[in-house]
Amino acid sequence: MSDRTVGALVNEPGDWDGLKWWRLELRTLVDAAPAQAKVALLGPREAWRAEVPKFAAGSCLQSLAFMLALALPTLSAGMMVQWLVIQGASRWDMPLMYAGPLTAFALLVNAYGEVQELRTPRYAGATITWTLALWNIVPGLLVLAVGLTAARPFWDGSEVWLWAVAANVALAVWTVIRFSVRRSGPQDDLQNVDQAVSEMRPDARATALHERDAAIRELVARGRITPEAGEMALAAPLGHLGLTVAPELLSPLGKHAVDRAGSGLA
């Protein structure tokens with residue numbers, strides 16, 4: 001097993017370049033996954049690949065749940081439209097009893113996401129907010145339209161699931177409204193980093209900063225970086241090391257975040 005300590009990174013041969021600055025920041029945040037992930041998004045992909053864990057069961061299950069929450073409303077709408085168009089809206093195989101629970105699952109996942117947003121607010125961006133909302137609103141409206149019209153004569157108790165569909169549509173509309181009117185919390189991806197760092201336990205934050213600064217001082221002592229570079233790095237807030245000393249390696253998202261912050265957009 002490779003040595004994943006900060007000291008091992010400092011001891012790696014070769015020049016201390018911009019990529020290693022980003023790797024140093026990520027390695028000191030290894031025990032603060034939310035902050036590490038937000039920093040990694042701003043930096044080069046090579047740093048992400050080298051330092052961010054490749055597999056975590058909890059995050060994989062959460063990602064799978066959110067992917068299903070996007071796909072299932074569309075599947076539900078497809079089932080209802082297929083029944084209406086191909087089967088001619090007959091009483092046979094009216095799929096509301098299947099389409100409803102699928103959308104109800106999406107509702108639970110989306111509601112969980114909203115709770116997480118209230119607990120740990122993050123900036124998502126207008127494009128992704130609208131895209132995720134429309135993936136729930138449009139299929140939901142199709143299910144409601146078919147369920148309340150063509151399927152109405154064949155209601156057999158499954159119509160109760162229309163409430164779940166309506167609630168999921170309402171929740172998606174709420175996310176757009178909340179994004180449009182919010183004035184508190186992170187307003188860009190740089191502030192996402194600061195927010196995630198602020199949510200770290202005080203002892204974990206102090207440990208990460210101590211390890212980072214000790215590594216910087218060791219690099220200066222060995223002559224691997226100049227004293228001026230060391231001073232600049234030590235002055236960087238936790239989470240902003242790569243942004244401060246190696247901004248040329250910013251990812252496209254990172255460059256966009258810096259431009260957005262520089263323009264004063266919120």
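Which helix gives the largest share of the lining of the largest pocket? In this predicted model, in which local features need pLDDT of at least 70, side-chain atom pairs count only at pLDDT 80 or more, and totals for chains, interfaces and linings use all residues, that share, eight residues, comes from α5. Residues are numbered from 1 along each chain as its sequence is written, and side-chain values use heavy atoms, with hydrogens and water left out.

The largest pocket (an open set of points on a 1 Å grid over the protein atoms alone, where a 1.4 Å probe fits, with protein on both sides within 12 Å along at least five of seven lines) has a volume of about 2000 Å³, a volume being the space filled by probe spheres set on the points, which are joined across faces, edges and corners. Its lining, made up of residues with an atom within 4 Å of a point, comprises 50 residues, of which Lys38, Gln62, Phe66, Arg122 and Ile128 lie nearest the centre. Two or more lining residues are given by each of α3, α5 (57–85), α6 (96–119), α7 (126–148), α8 and α9, where helices are DSSP runs of H or I with at least four residues, numbered from the N terminus. By class, the lining has 26 nonpolar, 15 polar and nine charged residues, with Ala, Val, Leu, Ile, Met, Phe, Trp, Tyr, Cys and Pro counted as nonpolar, Asp, Glu, Lys and Arg as charged, and the others, Gly among them, as polar.

The second largest pocket has a volume of about 180 Å³; of the 15 residues that line this pocket, Thr28, Val30, Asp31, Thr207 and Glu211 are the closest to its centre. Both α2 and α10 supply at least two residues of this lining, and the largest share, four residues, comes from α10.

The largest nonpolar core (a set of buried Ala, Val, Leu, Ile, Met, Phe, Trp, Tyr and Cys residues joined through side-chain atoms within 4.5 Å) has 36 residues, of which Trp21, Leu24, Met200 and Leu241 touch the most other members. The largest share of this core, five residues, again comes from α10. Leu241 is in contact (heavy atoms within 4.5 Å) with residues including Trp21, Leu24, Arg212 and Ile216, when residues up to four places away in sequence are not counted.

Arg178, placed in helix α8 (residues 161–181), has a relative accessible area of 17% and is therefore buried, the term standing for under 20% with a 1.4 Å probe and protein chains only. With residues up to four places away in sequence not counted, Arg178 touches Glu114 and Glu117.

Technical notes: Buried < 20%, exposed > 50% of the residue type's maximum accessible area, 1.4 Å probe, protein only.
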